[in-house]
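Here is a short set of exercises to work through with the model open beside you. Try each task before you read its solution.

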Amino acid sequence: MVATTQHLMRCGFNIIYGYTQSDEISILFHSTEDTFSRKLRKINSVLAGEASGFFSVTHGQLASFDSRVSQLPNLSLVQQYFRWRQEDAHRNSLNAHCYWLLRKQGITAKAATLQMAGKALEDKHELLYQHGINYNDLPAWQKRGTGVYYQMRDKAGFNPQTQQATLTQRRELAADINLPPGEDYDAFITQLILQSGD
């Protein structure tokens with residue numbers, strides 16, 4: 001999913017940020033992005049096709065993605081959107097850990113699903129804890145997803161004309177598996193937007 005997110009950020013659109021968790025990807029376009037004259041149907045079909053094709057080839061199994069564009073007119077709504085997706089990542093992760101714990105104990109898929117339905121958050125934590133899993137100690141990416149964004153990186157080189165070592169900067173995609181939660185995540189999103197000149 002991280003590699004597919006990176007692919008989407010390289011496939012011709014001006015994208016500031018990509019975020020992935022579970023089976024979904026969210027991307028933040030630069031406000032000046034005007035590919036296909038901003039025709040939503042075209043953007044949706046290209047993104048769904050690119051994600052489906054890249055993931056299928058990379059994973060070695062057929063996969064299909066859908067796509068939708070949410071037009072968010074201000075920074076506050078952008079922050080709320082990404083915070084919502086991060087909170088959804090937490091719910092998905094906790095549920096998945098509980099579900100697969102039950103499945104490994106020989107419980108059927110249907111029974112595991114029914115057993116988890118309506119279970120309180122603290123009960124899910126307790127279920128895991130009783131089996132030696134402290135959910136709070138799991139890696140951040142499992143609980144909050146992974147962010148993908150551009151960073152400037154130093155790259156050492158050599159100039160054969162001057163016979164001297166050189167140092168240049170390159171813009172490269174980075175995958176951040178330790179995203180901050182809550183208001184710190186809002187500030188993180190704001191900083192990415194400001195750095196992009198948006």
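**Exercise 1.** Count the disulfides, taking a disulfide as a pair of cysteine sulfur atoms within 2.5 Å.

*Solution.* Start with the rule: it gives a count of zero disulfides. Next, look at the surroundings of two cysteines, where buried means under 20% relative accessible area, exposed over 50%, and partly exposed in between (1.4 Å probe, protein chains only). Cys 11 has a relative accessible area of 23%, so it is partly exposed. Cys 98, at 0%, is buried.

A word on the ground rules: this is a predicted model, in which local features need pLDDT of at least 70 and side-chain atom pairs count only at pLDDT 80 or more, while totals for chains, interfaces and linings use all residues. Residues are numbered from 1 along each chain as its sequence is written, and side-chain values use heavy atoms, with hydrogens and water left out.

**Exercise 2.** List the order of helices and strands along the sequence.

*Solution.* Take helices (H or I, at least four residues) and strands (E, at least two) as DSSP runs, numbered from the N terminus. You should find seven helices and four strands. Reading along the sequence then gives α-β-β-α-α-α-α-α-β-β-α.

**Exercise 3.** Find two residues other than glycine with a positive phi, and place each in its loop.

*Solution.* Recall the background: most residues other than glycine have a negative phi. Ser 22 has a positive phi of about 50°, and this residue sits in the loop between strand S1 (15–21) and S2. Phe 36 has a phi near 55° and belongs to the loop between S2 and H2. With a relative accessible area of 33%, Phe 36 is partly exposed.

**Exercise 4.** Describe the lining of the largest pocket by class and by element.

*Solution.* On a 1 Å grid over the protein atoms alone, a pocket is an open set of points where a 1.4 Å probe fits, with protein on both sides within 12 Å along at least five of seven lines; lining residues have an atom within 4 Å of a point. Of the 38 lining residues, the closest to the centre are Ile 27, Phe 29, Arg 68, Val 69 and Ser 70. Strand S2 (24–29) and helices H2 (40–59), H3 (75–104) and H7 (182–195) each supply at least two lining residues. Sorting by class (Ala, Val, Leu, Ile, Met, Phe, Trp, Tyr, Cys and Pro nonpolar; Asp, Glu, Lys and Arg charged; the others, Gly among them, polar), you get 21 nonpolar, nine polar and eight charged residues.
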